[in-house]
Amino acid sequence: MPPGRFPLMDLKRAYDVEQVISSASPVIEDDLWPLDDIDPKKAKFPCCIVWTPLPVVSWLAPFIGHVGICREDGAILDFSGSNFVNVDDFAFGSPARYLQLDRTQCCLPPNLGGHKCKYGFKHTEFGASITWDDSLNGSRRSFEHRTYNMFTCNCHSFVANCLNRLCYGGSMEWNMVSVAALIMFKGKWVSVTSVVRSFLPFAAVSCLGILLVGWPFLIGLFSFSLLLVAWFMIATYCFKNIMEC
């Protein structure tokens with residue numbers, strides 16, 4: 001046999017092995033670690049967004065609350081103060097609503113050529129990771145150096161940052177408003193007690209206000225809610241540079 005030449009049979013065998021490996025690799029990449037069941041009693045919500053009412057604020061506007069996002073083991077991460085992200089210690093009480101996300105809708109590329117989202121290099125530059133937990137930890141490290149502000153950089157900003165880092169649903173356009181809408185319209189209540197805990201203070205404040213002030217109190221309450229919604233909508237979509245996600 002001339003030097004530097006390989007038998008045709010060896011080349012075919014090597015080609016067959018390469019084909020088997022390449023055809024098996026997508027299965028390996030999509031083989032995600034199985035999650036435990038959701039356990040509200042232990043406050044474990046694997047790969048979920050969770051929501052709980054805020055003191056005072058939710059009494060006046062029950063659609064506003066505190067949100068967090070959970071690791072694969074169910075531990076909750078939430079941005080609850082300047083330079084501070086809670087881990088497995090959800091601020092303001094146990095979750096009242098939750099929404100479990102689908103990890104197969106995330107872009108978790110092993111390298112720059114492994115993106116399944118349309119953003120590619122932009123996603124890598126933002127902080128793409130190869131696992132769900134790595135993405136959340138990346139956002140946690142980033143928000144441990146940010147100042148908390150209810151109107152521009154809050155818990156919703158943190159969750160939006162996590163979803164953008166995951167490129168969840170093929171999008172890197174997540175923000176405070178879209179996160180709030182996601183949990184509001186698709187979230188599930190943990191229990192009937194959670195519903196009562198979320199709306200009873202608002203009902204009590206409304207009844208007390210009408211009793212003491214009259215119907216103008218409801219007009220003021222509605223105006224307060226309208227102003228909050230208007231601020232977040234306008235600031236998010238018209239002044240993106242002041243909103244941190």
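Where is the place of R146? In this predicted model, R146 sits in the loop between α4 (132-143) and α5 (155-166). R146 counts as buried because its relative accessibility is 18%, and the cut-off for buried is under 20%. The side chain of R146 makes a polar contact with the side chain of S142, at 3.2 Å. Apart from neighbours within four places in sequence, the residues in contact with R146 are F79, S82, N83, C153, N161, E244 and C245.

The loop between α4 and α5 also holds F151. With a relative accessibility of 38%, F151 counts as partly exposed. F151 is one of the residues of a nonpolar surface patch of about 1000 Å². The other members of this patch are F63, M184, F185, V229, W231, M233, I234, Y237, F239 and I242. Two elements, α6 (176-186) and α8 (216-238), give two or more residues to the patch. The most comes from α8, which gives five residues.

**Nonpolar cores**

The largest nonpolar core has 28 residues. Within this core, the residues with the most contacts are I49, I69, L101, W132, F158, V159 and L163. At least two residues of the core are supplied by each of β1 (48-53), β2 (65-70), β3 (76-81), α4, α5 and α6. The largest share is that of α5, with seven residues. A second core, separate from this one, has seven residues, among them V50, C70, I76 and Y98.

W132, beyond its neighbours within four places in sequence, is in contact with C47, I69, C70, R71, E72, L101, R103, C106, L108 and L166. Thus the contacts of W132 include I69 and L101, which are also listed among the residues with the most contacts inside the largest core.

S139 lies in helix α4. S139 is buried, with a relative accessible area of 0%. Leaving aside neighbours within four places in sequence, S139 is in contact with F158, N161, C162 and R165. N161 is also in contact with R146.

**Salt bridges**

Side chains of opposite charge can pair when their charged atoms come close. How many salt bridges does the structure hold? There are four salt bridges in the structure, including those in the table.

| Pair | Closest N to O distance |
|---|---|
| D73 and R71 | 2.9 Å |
| R103 and E72 | 2.8 Å |
| E144 and R140 | 3.1 Å |

In the pair of R103 and E72, the side chains meet in a salt bridge at 2.8 Å, N to O. This pair links distant parts of the chain, with R103 in the loop between β5 (97-100) and α3 (121-126) and E72 in the loop between β2 and β3, 31 residues apart. R103 is buried, its relative accessible area being 12%. Both R103 and E72 are in contact with W132.

Is D73, which pairs with R71, buried or partly exposed? At 39% relative accessibility, D73 counts as partly exposed. R71 is partly exposed, with a relative accessible area of 22%. R71 is in contact with W132.

E144 forms its salt bridge with R140, the closest N and O atoms being 3.1 Å apart. E144 counts as partly exposed, at 27% relative accessibility.

Notes. Residues numbered from 1 in each chain as written. Predicted model: local features only at pLDDT ≥ 70, side-chain atom pairs only at ≥ 80, totals over all residues. Heavy atoms only, no water. Helix = DSSP H or I, 4+ residues; strand = E, 2+ residues; numbered from the N terminus. Buried < 20%, exposed > 50% of the residue type's maximum accessible area, 1.4 Å probe, protein only. Polar contact = N/O pair within 3.5 Å; in protein donor to acceptor, adjacent residues only side chain to side chain. Contact = heavy atoms within 4.5 Å. Patch = residues over 30% accessible without salt bridge, like charges linked within 9 Å, V, L, I, M, F, W, Y side chains within 5 Å. Areas by Shrake-Rupley, 256 points an atom, 1.4 Å probe, with all protein chains shown as cover. Core = buried A, V, L, I, M, F, W, Y, C linked by side-chain atoms within 4.5 Å.
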